[in-house]
Amino acid sequence: LRAKYLEQIGAAADAGALEAVRLAALGKKGEVALKMRELGQMSAEERQVAGPVLNGLKSEIDAALKARKAALDDAALDARLKTEWLDVTLPGRPRPMGTIHPISQVMEELTAIFADMGFAVAEGPQVESDWFNFDALNIAPEHPARQEHDTFFMHRAEDDARPPHVLRTHTSPVQIRAMQGQGAPIRVIAPGRVYRMDMDQTHTPMFHQVEGLAIDRDINMAQLKWVLEEFCRAFFELDEVELRFRASHFPFTEPSAEVDIRCSWDNGQLKLGEGNDWLEILGSGMVHPNVLRAGGIDPDEWQGFAFGMGIDRIAMLKYGIPDLRAFFESDLRWLRHYGFAA
Ligand code: PHE
């Protein structure tokens with residue numbers, strides 16, 4: 001019995017085979033157990049001889065099982081160590097990292113610059129009521145400016161009682177929301193998305209503007225000029241800027257001015273701040289009394305300036321990005337090239 005089981009234990013190739021041997025020898029119905037049961041039928045003298053022999057056999061088999069189990073575990077571990085090794089000297093695999101989109105970057109830059117001049121950020125919805133986008137800004141229903149804006153209209157059932165809505169064509173409706181929401185005095189900018197039905201190298205149906213609005217008892221155009229010059233100096237990182245105010249017309253400002261920045265074109269290379277050319281960068285003016293009234297502000301007590309600037313456009317100028325459409329194509333190569341480290 002002893003020789004048979006010790007040999008079987010030595011030959012067991014894995015934990016399963018070893019367990020089978022254990023059951024055959026020491027299990028409830030195993031051979032050694034059966035022999036132990038026979039002790040009951042023996043005489044006292046016989047039992048005194050056979051008892052210790054059987055117990056010795058039992059512990060010997062037990063010990064052999066344990067030793068074999070340990071040997072098998074060691075071998076299994078060795079095998080795993082041989083196959084599952086790790087070369088810690090290999091270089092790490094780079095994780096693909098996203099970049100900050102130039103528009104987001106520029107929005108952060110301009111928000112910080114205007115914050116230094118005391119402007120808070122105001123917001124409004126992109127799906128805007130006709131009234132906020134046009135009427136409140138002194139653009140009457142038959143005003144030609146409505147056609148010029150290439151508006152996206154939200155379609156509604158004929159019996160829908162809600163007022164008509166559009167995708168906002170500019171950030172100027174946020175002027176009205178700021179006036180109604182906080183009352184005078186006001187110093188806010190409103191960066192955000194705007195929409196017009198237009199598409200070519202310099203136009204996309206969605207683009208970005210930043211609105212500026214300052215209202216107080218004695219706001220004037222000289223302050224508008226200073227704010228815009230300070231902004232351009234900081235944003236374009238120039239020592240010298242020169243802005244040209246060109247008389248213009250917007251229904252919501254009076255007087256109105258389009259603002260150009262001095263620049264030069266050297267072999268197709270644009271340089272801001274010097275030269276004999278001018279580049280238009282924004283529209284501005286003194287807030288029209290009708291607009292103040294629509295915002296619930298008394299034009300006899302308060303006055304203000306407003307401006308609206310294309311964010312995509314100034315981003316293209318600052319970072320030398322040639323085609324506006326690429327901003328919104330999500331081409332990874334473009335994003336890696338023009339994007340900013342997070
Ligand atoms: N809303 C005008 C536009 O989209 C820009 C503007 C804003 C002009 C504020 C004057 C004052 O063209």
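The following exchange concerns the aromatic rings and the ligand site of a predicted model.

Student: How many aromatic pairs does the count come to, and at what angle do the planes of Phe235 and Phe236 lie?

Tutor: The count comes to 12 aromatic pairs. For Phe235 and Phe236, the ring centres are 4.9 Å apart. Planes over 60 degrees apart count as edge-to-face, so this pair is edge-to-face, with its planes at 80°.

Student: Is Phe236 buried or exposed?

Tutor: A residue is called buried under 20% relative accessible area. Phe235 is at 0% relative accessibility and therefore counts as buried. Phe236 has 8% relative accessibility, so this residue also counts as buried.

Student: Which residues form one aromatic cluster?

Tutor: Phe235 and Phe236, the edge-to-face pair, both belong to this cluster. Together with them, the cluster is formed by Phe114, Phe119, Phe231, Phe305 and Phe307.

Student: Which residue lies over the face of Phe235?

Tutor: Two rings may be considered here. Over the face of Phe132 lies Arg177, at 3.9 Å from the ring centre. For Phe235, the distance from the ring centre is 4.5 Å, and the residue over the face is Lys318.

Student: Which polar side-chain atom lies 3.0 Å from a nitrogen atom of the ligand?

Tutor: The ligand is surrounded by 14 residues, and the closest include His170, Arg196 and Gln209. An N or O atom in the side chain of Arg196 is 3.0 Å from an oxygen atom of the ligand. Gln209 likewise places a polar side-chain atom 3.0 Å from a ligand oxygen atom. The contact to a ligand nitrogen atom, at 3.0 Å, comes from a polar side-chain atom of His170.

Student: What percentage of the area that the ligand exposes alone does the protein bury?

Tutor: The ligand takes up the space of the largest pocket. Taken alone, the ligand exposes 330 Å². Of that area, the protein buries 90%.

Technical notes. Residues numbered from 1 in each chain as written. Predicted model: local features only at pLDDT ≥ 70, side-chain atom pairs only at ≥ 80, totals over all residues. Heavy atoms only, no water. Phe/Tyr/Trp six-rings, centres within 6.5 Å; stacked < 30°, edge-to-face > 60°. Buried < 20%, exposed > 50% of the residue type's maximum accessible area, 1.4 Å probe, protein only. Lys NZ or Arg CZ within 6 Å of the ring centre and 35° of its normal. Near = heavy atom within 4 Å. Polar contact = N/O pair within 3.5 Å; in protein donor to acceptor, adjacent residues only side chain to side chain. Areas by Shrake-Rupley, 256 points an atom, 1.4 Å probe, with all protein chains shown as cover. 1 Å grid on protein atoms, 1.4 Å probe; cavity = no way out; pocket = protein on both sides within 12 Å on 5 of 7 lines; lining within 4 Å. Sits in = over half its atoms within 2 Å of the grid points.
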